[in-house]
Amino acid sequence: MMTRSSRHRYASSLALGALALALSTAGVACSDDDDTTPGAGGSAGTAGGAGAAGLSDAGPDGTAGAAGGGADAAGNARLRVVHASSDAPAVDVYAKGNATPLVANLAYGKASSYLELPAGSYQVELRAAGASPTDAPAFETPALEVLAGKTYTAIAAGSLASSADDDKFRVMALEEGFGASEAGKVRVRVVHAGFDAPTVDLDVGNDNPAAPELSGLARFADTGVEGVPLPAATALQIGLAASGKTVTAFTTPSLPDQSSLFVVAAGQIARSPRDATGFALLAVLADGTTAWLKQNPFVYALHASPDAPAVDVYAGSAELIDNVAFAAMGRIQVAPGSYTLDFFPGQAGATPKPSTNPAVSLATPELGAGETYLTIATGLLASAGADKFQFIHLAEGFSDVPDGKALVRAAHASPDAPAVDLGTVTTSGTLDPSALVYDLAFPNATEPGGAALSAGGLTLGVAAKGTTSTVAEFALAPTAGQRLFAIATGMLAPAQGQKGFGLMVVD
């Protein structure tokens, strides 16, 4: 039995077209009716009080204040709020001393429109959305000084559940001052608000993590008031690196020439990237429109072909996986899309793509941003029938793990084995009543959510469908919270040079 740990952290897919559309319509004011669910474009908090200006009628000390006009109106400043704290609920935002919120029901991943308010000193209070203004605030900022003619973006960041100084909840008040964008460029101000993420480097192009364009972006820091100039009118690969190695990467849509925007790294590295609170980039435009950029898809490629040697795998001329042998696994991260993969006999170390024809070529399905996949290379190189060399391509889609349990998803990757039932074994040689899996045939897999197993030592047995007599048994010791793929591989009746039947378990 082979056990391979691959504890990964990735999240649900979001179409990048949402941001491209948002950027192309950045001059359109946000509506209170825009989608307010995480991951959708559109404004997310509604301004309270006196109409579109958003400040109700309160000045910094609770007295009547001016409304209307822009940041250049005499004595006025502009302020907007971005919710980037992934474990905080939707909030109402108040200026202390006012009974009407500046912003109502601001959800994670959303931004308000700019609020016009008189210059002065403000304390901002946050309450759970819908709470009474007389309730004690969940969070209160120190005094924030806003100056006449200035524009500010206040970002709610950090963990509401923490009291530690390095990751606790806070509001980052950032004065805006984007530099002029030259032709062919866009200005991007990157803010690191991932409260469980390390200091990172930004590798524009995702081509050289050892020599990034920007180094040392710490948690709760940003790249500077003027923004970073990046190429416009082209999709970009952006790598986040630490200690000279890429941690993860993102694909941006084409950004309009001479535009400017905030990009906030938010969410939790410890969560799956397909989760709504997984680590991702939040793009925030001037009109309060937001859109998520999810991590590029990850693919874990498992070699389970009983008659194939170690292989190198190429997409185009790029070597993606090097010298992977039977029962071993490689990991790649690629831009969203579909790929044709060419398989060649393995050579240790990075090697140019051979000029000869590949042993076999296989196409992947569409790989989506924020998704993680287990791709099992199985079947026989020497066959042209139903048991020929092929992929079993599985998107990671486990359900939440019940307390004290583990989850298992089974895949049948044994080319000569019949359909099987899979279950626990208490008495050697016999499946327990109520098997976990019934009638699983090559080359199929069970439902993405997985079946629950008790944590601790147990035996899994495989039997021909409709029977209880096991043809193979395997010891397993899942821990509470684990999510496992159990993959039947090899040949029940192996010929010379073929691998025998076994169970591969991927964490």
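1. A residue is called buried when its relative accessible area is under 20%, exposed when it is over 50%, and partly exposed in between. The structure discussed here is a predicted model, and N206, with a relative accessible area of 27%, is partly exposed because this value lies between those two limits. N206 belongs to the loop that runs between β14 (200-204) and β15 (214-217), and although N206 is a residue other than glycine, its phi is positive, near 50°.

2. Q258 also deserves attention for its backbone, since this residue is not a glycine and yet has a positive phi of about 65°. The position of Q258 is in the loop between β18 (245-251) and β19 (260-266), where Q258 counts as partly exposed at 47% relative accessibility.

3. A reader checking the peptide geometry should look at the bond from F442 to P443, which is cis, with omega near 0°. Of the two residues that this bond joins, P443 is placed in the loop between β32 (437-440) and β33 (451-454).

4. On the strands, an open sheet is formed by four of them in the order β25-β22-β28-β29, with mixed pairing. Its edge strands, each of which pairs on one side only, are β25 (329-333) and β29 (390-395), and from one strand to the next the twist averages 20°. Within this sheet, β22 (residues 298-303) pairs with β25 in the antiparallel sense over five bridges, and V299 stands opposite I332 in β25.

Methods: Residues numbered from 1 in each chain as written. Predicted model: local features only at pLDDT ≥ 70, side-chain atom pairs only at ≥ 80, totals over all residues. Heavy atoms only, no water. Helix = DSSP H or I, 4+ residues; strand = E, 2+ residues; numbered from the N terminus. Buried < 20%, exposed > 50% of the residue type's maximum accessible area, 1.4 Å probe, protein only. Pairing = 2+ DSSP bridges. Axes fitted to C-alpha atoms, helices over the stretch in contact; angles between N-to-C directions.
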